[in-house]
Structures are given as structure tokens and as C-alpha cells.
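Welcome to this short tour. Open your viewer, get your selection tool ready, and follow along one stop at a time.

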Amino acid sequence: MEELLSLLKQNARLSNEQLAVMLGDTPESIAKKIEEYEKKGIIKGYSVILNDEVVSKDTVTAFIELKVTPKRDYGFDDLARTVMMYDEVESVALISGDYDLAVTVSGESLKNIALFVAERLSTIDGVLSTATHFVLKRYKEKGIFIEKEVVDERSFISP
Amino acid sequence: MINYDNVLSEKIKTLKPSGIRKFFDIAQTIDGVISLGVGEPDFPTPWAIRSVAISTLEKGKTVYTSNSGLLQLREEIAEYIKRKNNLEYNPHNEIIVTVGGSEAIDISLRTLINPGDEVLIVEPCFVCYAPIVTLCGGIPVSINTKVEDNFKLTPQILKEKITDKSKVLVLPFPSNPTGAIMTREDLLEIVDIIKENNIFVLSDEIYSELTYGRKHCSIAEINEMQERTIIVNGFSKAFAMTGWRLGYLAAPEPIVTQILKIHQYAIMCSPTVSQYAAIEALKNCENEVEKMVNEYDKRRRLLVDSFNNMGLECFNPEGAFYVFPSIKSTGLSSEEFCERLLFEQKVAVVPGNAFGESGEGFIRVSYAYSLKHLIEALKRIEKFINSLKKD
């Protein structure tokens, strides 16, 4: 990955000045590159990684496996596009293996999610079966440790 | 009751404890300190290396190795030096695997020094050389490098300190604490003086992998200097293996044969598990080193720029993982600066004079920390500097 992107992925709040210094570039040129990435759709957006256990205690998340049968003129892509239109759906991916679509759904309660799956997802034409797995605890998200910071065991000062 | 004063060696009693230690003790008593004071990588040892160590233990390879280390490791080291420096060392009798670079320095100096010999030490530098020289009955002679020379050893300052008693030159580049390096051109300027005065070189190259922009050059590479050089290196800094305690030295056979005697009596052999792990490091982990160097480089640029912007003039270091900004503009001494920074903003950095008199007026700041940590620490240091301006 390009150095600029990999730095932004680690921390999107680094200023253009900081990025420029670290990459031996100018802030103006960094701004221009980021704009290019945004225009080309390489950078899709900027978001914050929250510790949901603290911020929204009542939010429930589930990973849902969907088995689907693609049909003539209505393939995986079309099915995925139908699934992703729901606001409750946070992510959709086509994957290899035992099932086809991996869907992340968030809601206010287990019941809400269960109902959403039963009423909305499983009824989509082409969906053969679903399996819902509720998230109990998160340990790491986008490369960041959620649970607690890794403790630096090095002594304060060493020669 | 026993009088311990009578028990202790006079030499040891007069030996000063490391200046770093004192500061460490203060830092430990304060809550919420963030430190930029360490001299070891923040990365864990690459997994491939750790996993070899685990399987070594599983296989029960837990006995002594030969005194000078596993032959396979010495062969890898010879191969590595050939690759990096284009120098030939015989793995059978010109390389010893040691307990960190520290042991290599210790036993090398002990092998070379007769009482009364003068040992030239390029300062500011790592803290161990002068005390070891003193213990050997030698006389440590400081060569003070200057910021205007980018903390390099210049022919002028070298010549000034040479006497007919000068025997050994300790050449520690890339430098802890300054981050200075000696390029091939810089070394070319001093080798003739070294030869004319029949001086032997202890080249501490522990930071050789951590250079930014150009490759490290060993003095042994230059004009027959190999015959009068001991190269000290190790796995701590390059492969993030500080706790494994593994280093090595390479030197001509007549020297190594003598050094090996001390190593045999004092150490027997280096830790066996670490030795197996080190084989993996040399064979398969060069790209891991490259990744770490790449990370360090970004942090280095950020720190140099930030200190210069704060008004603490910071020379551009090309090696190791330290920056060495000048704090002279604040009017404080190194120790005053560090103590006040510690008490007022809870940031620990190391006073430059802990690395020799010529470090006075500077502080050593390590960037072996995550970007997040560095940015927070820089904010605090800036607050501190601004509060000084208001005083």
C-alpha cells in the first residue's frame, strides 16, 4: 500500500503538515494527493473506531451467514445490493467457503436483530438459509486493540 | 559486624553509577509519566524468530553450545557480514557469539588494555566504555564531538587527543545518543591517522541496520583496517531482540583466540535458545528489519521537524532511533531541563550529559514509540517550552 494511505489507515487525524514531514513531502502536495484519492474513490471516507462497550452499551451486533442461489440475470452482486440497502446492515461481503454472503447487522436488542433477519433477510428472493452469530465481546478492530492498551513493559529509561 | 568497606574493591568503590540510573529512579516515583527515554525497540521480536525459539525449547535443545557459539550461527554471521560489508571472516576462529553487544565490548576491551594504556572514546556515547576501561586499568580519554560537525569524529579532534600512550579507539557509530553516522568519506579521513599511530579500533556497530537514506559503512571495510578492528554487533536493535541478550564480535584470529579465553571463563556460552532464534533472524528476517526501519524513519522526520519548530534546534540524525535536540536556547542545563519537564509535564527524556560532558546542552529523545505516543509527548514538551518562554 502507498505510504500515505497506510499512515492514514493507522490514524486519519494526522494533519497534512505531520504527514508531509513524515513522508518528506509538502502539506500542499499531501492535500492534493488526498483529494485525488477521494475523487478516485480510493479513500471512501473517514470514521472513528469506538469502544462500543462504553459508548453504546445497548447496541447489539451480529454476523450473519447467508446462503443464496444466484439466478439468471440476478447474480451475487444483485443479491448483495438488495441486502446492503437496509440501514441495519453495516457490511456485506461475498466470501468463499460454506456460505456466500457475510453480513454484519447492528440493532438495539437481540430480538430486533432476530426479527430483522427473519422478516427482512430470509425473505429475500434467492436467500436459501441464514445463520446468526451474536457478538459477545470485541478484542481488536481495524488493527486496534479494543479491550485495553497493550502495556509497555519497557522501563522508563534505559541506556 | 562486618565492615563492607574493607571487603570491596577500591576500583569498584570509585566507579560512578550510570547517570541514567539516577534519572530513572526519579521518573519511577511520578504517576502518569510518559517516557521517551528507552534505548530499545518498541516492536516485539518478529514472530518467525519467536516461533523458532519455541520449537527449540519443545525439542529440548537446552544444553550448552560450543564456547564461541553454534557453528551454524557463526556461519550465518560470517555470511551476513560478507553480504553487508563485503568482508571475509572465518566462522571457525574469527567470530564469537556473545551475551549482547555489551559482553562483546567488555571482553574486547579487557583483551586489549594494559594498565596505563589510553583508550580514545568518541563522545557523547553509550555509557559503558569508560567504566570498563577504568576497570581494566586503562585511561579513558574523551574525544568530544560537536554539533557543528554533526557529531562526527573529525581528523582534527582525533589528532588532538592522540598521545604515545593511545592504544585503542572506541568508534560507536551510528551513535547512541546523537544518531550521528560516519560515512565512508568521513572514515577515509581518519584511517590514515589511526594507522600512523598504530591504534586499534573497537567499532561498536550495534545500530548498523538502523540508518536512514544510506547504508552503514564499517571502518573495517576501508584500506586494510580489518586487521586492526574488532567489529561489535548484535541482534537487539536490528531484530528487536534486546531481552534475548545476543550479540557477536568479529576480529582477526590472533585477537579472537585471546578474547575467547575470557568468554570461556566468564560466560561459557551465550543462551542456546537465543542462538537458534538468531539463525532464523539472519536467514529470513531481513524484510522485517526493513519494515521497522521504514517506521522509524517517519517518526524520526516528525521529531526533528517538531523540535526545530519548537525552537529546540535539532540536528538531522541519520542513524539509530534517537534525536538529540539542543536545549541551550532555554538557558537551562540538561539536567534542569529534564527534571522540570518530568515534574511539570510528566515526560521523561534523558539529559545529554549522561552520555559524556559534550552532551551537556542536549537531550536524548528516543523514537522507539508508537506515533500516537510520540505525538502526545511532543504536545507536552511544546507546552513546557511555551511555559518557559513566559517565565
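**Stop 1: where the two chains meet.** Keep in mind that you are looking at a predicted model. Color chain A and chain B differently and turn to the place where they touch: 12 residues of chain A and 22 residues of chain B take part in this contact. On the chain A side, select residues 16–23, which form helix α2; with 3 residues, this helix gives the most to the side that touches chain B. What kinds of residues make up that side of chain A? There are 5 nonpolar, 6 polar and 1 charged.

**Stop 2: two helices crossing.** Keep α2(A) selected and add α12(B), residues 286–310 of chain B. The axes of α2(A) and α12(B) are 7 Å apart, and the two helices pack at an angle of about 120 degrees. Their crossing is right-handed. Now show side chains: from α2(A), pick Q18(A), V21(A) and M22(A), and from α12(B), pick K298(B), R301(B), L302(B) and D305(B), the residues that they meet. Sorted by class, this contact between α2(A) and α12(B) holds 3 nonpolar, 1 polar and 3 charged residues.

**Stop 3: chain B as a whole.** Hide chain A for a moment. Chain B contains 14 helices and 12 strands, and its C-alpha trace spans about 65 × 60 × 55 Å along its principal axes. Its radius of gyration is 21 Å, which agrees with the value near 21 Å that a compact globule of 391 residues would have. How much of chain B is buried? Buried residues account for 48% of its 391 residues. Look also at how the chain folds back on itself: of the contacts in chain B between residues at least 6 apart in sequence, 74% join residues at least 24 apart.

**Stop 4: two domains in chain B.** Select 4–45 together with 287–390 for domain 1, then 63–284 for domain 2. The centres of these two domains of chain B, taken over C-alpha atoms, are separated by 24 Å. Where they touch, domain 1 of chain B supplies 34 residues and domain 2 of chain B supplies 33 residues. On the domain 1 side, the elements that give two or more residues are α12 (286–310) and β9 (322–323) of chain B. Here you meet α12(B) again: its 6 residues are the largest share of that side. By class, the domain 1 side that touches domain 2 of chain B has 18 nonpolar, 9 polar and 7 charged residues.

Technical notes:
Residues are numbered from 1 along each chain as its sequence is written. Chains are lettered from A and ligands numbered from 1 in the order in which they are written. This is a predicted model: local features need pLDDT of at least 70, side-chain atom pairs count only at pLDDT 80 or more; totals for chains, interfaces and linings use all residues. Two residues are in contact if their C-beta atoms, placed from the backbone, lie within 7 Å. Helices (H or I, at least four residues) and strands (E, at least two) are DSSP runs, numbered from the N terminus. Ala, Val, Leu, Ile, Met, Phe, Trp, Tyr, Cys and Pro count as nonpolar, Asp, Glu, Lys and Arg as charged, and the others, Gly among them, as polar. Domain bounds come from an automatic or database domain assignment. The radius of gyration is taken over C-alpha atoms; the globule rule is 2.2 Å times the number of residues to the power 0.38. A residue is buried if 20 or more other C-beta atoms lie within 10 Å of its own, exposed if 12 or fewer, and partly exposed in between; C-beta atoms are placed from the backbone. Axes are lines fitted to C-alpha atoms, for helices over the stretch in contact, and angles run from 0 to 180 degrees between N-to-C directions. A crossing is left-handed if the near helix is turned anticlockwise from the far one by less than a right angle, and right-handed if clockwise.
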